[in-house]
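Here is a friendly walk through one protein model, from a pocket to its rings and on to single residues. Keep the structure open beside the text as you read.

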Amino acid sequence: MIHDHEVVIIGGGQAGLAAGRHAQSQGLNYIILEASNAVGSAWRERYDSLTLFTPRSFSGLPDLRLSGDQDGYPTRDEVVDYLQHYVQSFDLNVVLDQPVRKVTKDGEQFTVATQSATYTAPAVVVATGPFPTPRVPAWASLTDGVRQLHSSAYRNAAQIQGKRVLVVGGGNSGAQIAEELAAEYEIDMAVNAPTRFMPAKILGKSLFWWLDALGVLNAPSDSFRATTLRRRGDPVIGTSLKRLLQRGAVRLKPAAMSMTEGTVFFADKTSGQYDTIIYCTGFTADYGWMQIPDALDQNGMPSHKGGQSETVSGLYFLGLGWLRSRNSALIGGVGTDAKVIIDRIAGSVKTAAARDTSEARR
């Protein structure tokens, strides 16, 4: 069965839902395709103790804020419930269990094929998130006696084997997991670069309140402010990891380089044996289903400017890091990008409708 729409939105996370809400407000005939059996699947798959580093006031989608203390920080389960409530509140047109197998384009029309249906539209918004596939270091190898898991598979301390734990990666996920486990386990943390720390609040105000007030949070990606921030990299925000490091409750190690029979070797020529290794090493892109020539660059990443494809008309990307600003990949910032993209699609639809009407009158 073929279903015709004005825009197909791929992905039922915060980016896809924000795009759907704006499409609904514009009166567009839209559909949101979600691969799993519930919206916000990426959040459902994260560790139990995950807490956002953005307060509730900076973590809402268009037209519906998170309930509760606006200066407080939402948990994983709270975000999951919020996304489900968001769909129900606006009766968004989401179809579940629709993993996309192939996207093609013939003339002005896209065809989006899932395992059970086909959808067509003159516009497609790819809102699958920045990097859906877990990335594990090349040196990782199966070794008897050592439990290894990516942060995407980590849920809680019940999964830990033994007492010696190595957390690989120094981002916010690695910091939160190391902090959670430090009270009961011997934790080493391997990082590729010095870890920068920022407090969650400064002078009683959220860090993100300051970034917004100083014009940094939404500064265009190619601006001096944004490029300076990108060059410095993301800091670890609001955890107690710095104090744990100072007390020796977590020990910092340089980059892990290799592993042999359960022994991990580090860049400073030291080594250590561990019972459990948790890879907080991020994710990588997977656009194998995008079967449109020139839609991706030589590295397999979207070729776009501000979310609009530079090579394929009608194709858009949403929810990527630094799409338009630092705020682009955050739950509270994706709505701004979504509005820009959906407004462009709505304008194209109206232009096409006017052209068709004019031709029909001739």
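Which helix gives the most to the lining of the second largest pocket? It is helix α8, residues 334-361, which contributes seven residues. Please keep in mind that this is a predicted model.

## The second largest pocket

The volume of this pocket is about 390 Å³. Its lining is made up of 16 residues, and those that lie nearest the centre are Glu108, Pro122, Ser348, Val349 and Ala352. Sorted by class, the lining residues of the second largest pocket are seven nonpolar, four polar and five charged.

## Aromatic rings

Nine aromatic pairs are found in the structure. One of them joins Tyr86 and Phe90 in an edge-to-face arrangement, with 5.0 Å from centre to centre and 70 degrees between the planes. Both residues belong to helix α3, residues 76-90, where they are four residues apart, about one turn of the helix. Are Tyr86 and Phe90 buried or exposed? Tyr86 counts as buried because its relative accessibility is 0%. Phe90 has a relative accessible area of 17%, so it is buried too, the cut-off being under 20%.

Another pair, Tyr287 with Phe317, is also edge-to-face, with 6.3 Å between the centres and 90 degrees between the planes. This pair links distant parts of the chain, 30 residues apart: Tyr287 sits in the loop between β22 (283-284) and β23 (304-305), while Phe317 is in strand β25 (residues 315-317). Tyr287 and Phe317 are both buried.

Back in the first group of rings, Tyr86 and Phe90 join Tyr82 to form one aromatic cluster.

Rings also meet charges in this model. Which ring does the charged end of Lys163 sit over? That ring belongs to Tyr185, and the charged end is 5.1 Å from its centre. In a second example, Lys205 lies over the face of Trp209, at 4.9 Å from the ring centre.

## Single residues, buried and exposed

The table gathers a few residues with their accessibility values.

| Residue | Relative accessible area | Class |
|---|---|---|
| Ser309 | 8% | buried |
| Val126 | 2% | buried |
| Val250 | 2% | buried |
| His85 | 41% | partly exposed |
| Asp97 | 39% | partly exposed |
| Leu203 | 77% | exposed |

Let us take these residues in turn. Ser309 is located in strand β24, residues 308-309. Ser309 counts as buried because its relative accessible area of 8% falls under 20%. What does the side chain of Ser309 reach at 3.2 Å? Its partner is the backbone nitrogen of Thr311.

Val126 is part of strand β8, residues 124-126. In sequence, Val126 and Met290 are 164 residues apart, yet in space their C-alpha atoms are 9.8 Å apart.

His85 has its place in helix α3, the helix that also holds Tyr86 and Phe90. Why does His85 count as partly exposed? Its relative accessible area is 41%, and the class lies between 20% and 50%, so His85 is neither buried nor exposed. Along the chain, His85 and Leu66 are 19 residues apart, and 10.0 Å separates their C-alpha atoms.

Val250 lies in strand β17, residues 250-253. How far apart in space are Val250 and Arg344? From C-alpha to C-alpha the separation is 49 Å, with their positions 94 residues apart in sequence.

## Two positive phi angles

Two residues other than glycine deserve a look at their backbone. Asp97 has a positive phi of about 55 degrees. Where is Asp97 found? Its place is the loop between β4 (94-95) and β5 (100-106). With 39% relative accessibility, Asp97 is partly exposed.

Leu203 likewise has a positive phi, near 55 degrees. This residue is in the loop between β14 (201-202) and β15 (205-206). Leu203 is exposed because its relative accessible area of 77% is over 50%.

Methods. Residues numbered from 1 in each chain as written. Predicted model: local features only at pLDDT ≥ 70, side-chain atom pairs only at ≥ 80, totals over all residues. Heavy atoms only, no water. 1 Å grid on protein atoms, 1.4 Å probe; cavity = no way out; pocket = protein on both sides within 12 Å on 5 of 7 lines; lining within 4 Å. Points joined across faces, edges and corners; volume = space filled by probe spheres on them. Helix = DSSP H or I, 4+ residues; strand = E, 2+ residues; numbered from the N terminus. Nonpolar A, V, L, I, M, F, W, Y, C, P; charged D, E, K, R; others polar. Phe/Tyr/Trp six-rings, centres within 6.5 Å; stacked < 30°, edge-to-face > 60°. Buried < 20%, exposed > 50% of the residue type's maximum accessible area, 1.4 Å probe, protein only. Lys NZ or Arg CZ within 6 Å of the ring centre and 35° of its normal. Polar contact = N/O pair within 3.5 Å; in protein donor to acceptor, adjacent residues only side chain to side chain.
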